[in-house]
Each structure stands twice: as structure tokens, then as C-alpha cells.
Amino acid sequence: SKLIASIYLNSNQIKFTSNKTFQNLNKLFLINLSNNKLNESIEFLNLHLLETIFLEENNLRAIGKNSFKKIQNLSVLNLFKNNIQFIDDFAFRNMHKLKELNLNRNLLTNISQFLLSDLYSLKILNMRQNRLSSLNENAFSNLKNLEILDLSINLIEILPPNLFFKT
């Protein structure tokens, strides 16, 4: 089992995973847990080769600071269609290789200036259909490689003057 490279557990009834569930899978590069009933903050620890995580269509409400700790090779993180209201400022820390982050159809109300600050390689950021009402003017300042930014269908009223100047 230590040779498993991809795990597909999508479309089940999974409510919980321990941070030890995948811990010895050193060759793992893809996890698909989409369309389950996950509602606890998830922790994936020490999966150094992991590149892709699909967690869309679950019931996640928050992303904690340890959810993706020590997963420096992550390239795609899909959190589409959950109930995420809160993401810790350090949840995406050291994720320098992340290229695609999908937070579409969640319940986020704001983006702090620190949340995305380590995502230097990010090319696609989808935050469509949340409840964003305001944007910190430094929220996107470190996203030097950003090519697609989708903030449509939110509650944004004012764009800060320097929001895109630093990007």
C-alpha cells in the first residue's frame, strides 16, 4: 500500500478522516475526497509528493492552519461547493507551488492580506459565488503569476484603489 500514487474516495458518505489516515503513503500525489460528507477541518500531514487534492462538494466549514501543513508540492487544491466560512490566515503557508485554488461557492465574507501571501506560483484563483463584501488592498499583492481571478457573484461594493496595482 505504500506504493499507492492516487486515491479516489469520491462520492461516498465519509464524514471524517484522521490526520493519520494517509500518513504512510509516501508516493501519494493525488487524493480525491469530493462529494462526501466531510464537515471537520481536515489535516493532511507530511505528504511531501502530494500535488492534487479534490475536496469539492463536502460540508467543510473551516480550514485550519494545520489543514495542509508540510505539503509543499501541492499544485491544485479544489474546495469548490463547501460551506467554508473561515480560513485561517496561515492555512496556505509555504504552499509556494500551488497553481490553482478553487474556493467557488462557499460562504467567505473577506480575504485578509495574509491569506494568499505565500502563493507566489498561483495562476488561477476562483472565489466566485461567495459572500465577499470587502477586499483588503494587499490581498493579491504577492500573486505575481496570477492569470485568472474570478470574484464574480459576490457582494463587493468597493474596490480599493491599489487592489491590482501590486500584482
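**Exercise 1.** List the residues in contact with Asn 106, leaving aside neighbours within four places in sequence, and state whether Asn 106 is buried or exposed.

*Solution.* Start with the contacts (heavy atoms within 4.5 Å): Asn 106 meets Leu 79, Phe 80, Lys 81, Asn 82, Asn 83, Ile 84, Gln 129, Asn 130 and Arg 131. The model is predicted; local features need pLDDT of at least 70, side-chain atom pairs count only at pLDDT 80 or more, and totals for chains, interfaces and linings use all residues. Residues are numbered from 1 along each chain as its sequence is written, and side-chain values use heavy atoms, with hydrogens and water left out. Next, place the residue: Asn 106 sits in the loop between β7 (100–102) and β8 (110–111), strands being DSSP runs of E, at least two residues, numbered from the N terminus. Then find a partner: a polar atom of the Asn 106 side chain is 3.0 Å from the backbone oxygen of Leu 79. Finally, Asn 106 has a relative accessible area of 3% and is therefore buried (under 20%, with exposed over 50% and partly exposed in between; 1.4 Å probe, protein chains only).

**Exercise 2.** Determine where Ala 139 is placed and which residues Ala 139 touches, not counting those up to four places away in sequence.

*Solution.* First, Ala 139 belongs to the loop between β10 (134–135) and β11 (148–150). Second, Ala 139 touches Ile 111, Ser 112, Gln 113 and Leu 116. Third, take Ser 112: 27 residues separate Ser 112 from Ala 139 along the chain, and their C-alpha atoms are 6.0 Å apart. Last, Ala 139 is buried, because its relative accessible area is 2%.

Technical notes. Helix = DSSP H or I, 4+ residues; strand = E, 2+ residues; numbered from the N terminus.
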